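I open this notebook to record what I looked up in a structure that is new to me. The entries follow the order in which I consulted it.

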Amino acid sequence: MKFTPLKFQSTLAAAGIALMAYVFLKANIFQSTGGIGLADIATLPAGSMVQDMAWGLTGLMALFILIHFCLTVIFLNELLVWLATTDDFKELLKNPLTNSALFSPLISLPM
């Protein structure tokens, strides 16, 4: 499959799912304005459904963070090879209808 910078949308999606779980924990379970950590989950009533949900969401976050990092490494390698071996980048820059695809890697890296 030919490389395109839009492949980085999948890394953004994985990071977004991890972020959604964190926001749900923060807003609905802990109802806090500050940060939350693993120690906060231990303060929930042991064996309760709320604590089980918090650990499940934490596992979900860990899984999608791992997916995000793995895809980022894979696609960065493909991006570097694509930049070094083809002139598609120059063509992409010239076309105003497609050059917005370059924002996907730029947004994905800090996420």
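The entries below concern helix packing, salt bridges and a surface patch.

**Entry 1. Status of the model.** I note at the outset that this is a predicted model.

**Entry 2. Helix packing.** I looked up how helix H1, residues 9–29, lies against H3. The two pack at an angle of about 160 degrees, and their axes are 8 Å apart. Because angles over 145 degrees count as roughly antiparallel, I record H1 as roughly antiparallel to H3. I also record that H1 passes H3 in a left-handed crossing.

**Entry 3. A residue of H1.** I then turned to Lys26, which lies in helix H1. Its relative accessible area is 23%, so I enter Lys26 as partly exposed. I also looked up its separation from Gly37: the two are 11 residues apart in sequence, and their C-alpha atoms are 9.8 Å apart in space.

**Entry 4. Salt bridges.** How many salt bridges does the structure hold? I find 2. Side chains of opposite charge can pair when their charged atoms come close.

In one of them, the side chains of Lys2 and Asp88 meet, at 3.7 Å from N to O. This pair links distant parts of the chain, with Lys2 in the segment before H1 and Asp88 in helix H4, 86 residues apart. I checked the accessibility of both partners. Lys2 has a relative accessible area of 62% and is exposed, whereas Asp88, at 22%, is partly exposed.

A salt bridge also joins the side chains of Lys7 and Glu78, at 3.0 Å from N to O. Here too the pair links distant parts of the chain: Lys7 belongs to the segment before H1 and Glu78 to helix H3, 71 residues apart. Is Lys7 buried or exposed? Its relative accessible area is 16%, and buried means under 20%, so I enter Lys7 as buried. Glu78 has 27% relative accessibility and counts as partly exposed.

**Entry 5. A nonpolar patch.** Which residues make the nonpolar surface patch? I list Leu80, Leu83, Phe89 and Leu93, which together form a patch of about 350 Å². Helix H3 (49–85) and helix H4 (88–94) each supply at least two residues of this patch. I looked up Leu93 in particular, and its place is in helix H4. With 43% relative accessibility, Leu93 counts as partly exposed.

**Entry 6. Recapitulation.** I close by noting that H4 holds Asp88, a partner of Lys2, and also contributes to the nonpolar patch. H3 likewise contributes to that patch and holds Glu78, a partner of Lys7.

Technical notes:
Residues are numbered from 1 along each chain as its sequence is written. This is a predicted model: local features need pLDDT of at least 70, side-chain atom pairs count only at pLDDT 80 or more; totals for chains, interfaces and linings use all residues. Side-chain values use heavy atoms; hydrogens and water are left out. Patches are made of residues with over 30% relative accessible area and no salt bridge: like charges are joined within 9 Å, nonpolar side chains (Val, Leu, Ile, Met, Phe, Trp, Tyr) within 5 Å. Accessible areas come from the Shrake-Rupley method with a 1.4 Å probe; for residues, only the protein chains shown count as cover. A salt bridge is a side-chain nitrogen of Lys or Arg within 4 Å of a carboxyl oxygen of Asp or Glu. Helices (H or I, at least four residues) and strands (E, at least two) are DSSP runs, numbered from the N terminus. Buried means under 20% relative accessible area, exposed over 50%, partly exposed in between (1.4 Å probe, protein chains only). Axes are lines fitted to C-alpha atoms, for helices over the stretch in contact, and angles run from 0 to 180 degrees between N-to-C directions. Angles under 35 degrees count as roughly parallel, over 145 as roughly antiparallel, 65 to 115 as roughly perpendicular and the rest as oblique. A crossing is left-handed if the near helix is turned anticlockwise from the far one by less than a right angle, and right-handed if clockwise.
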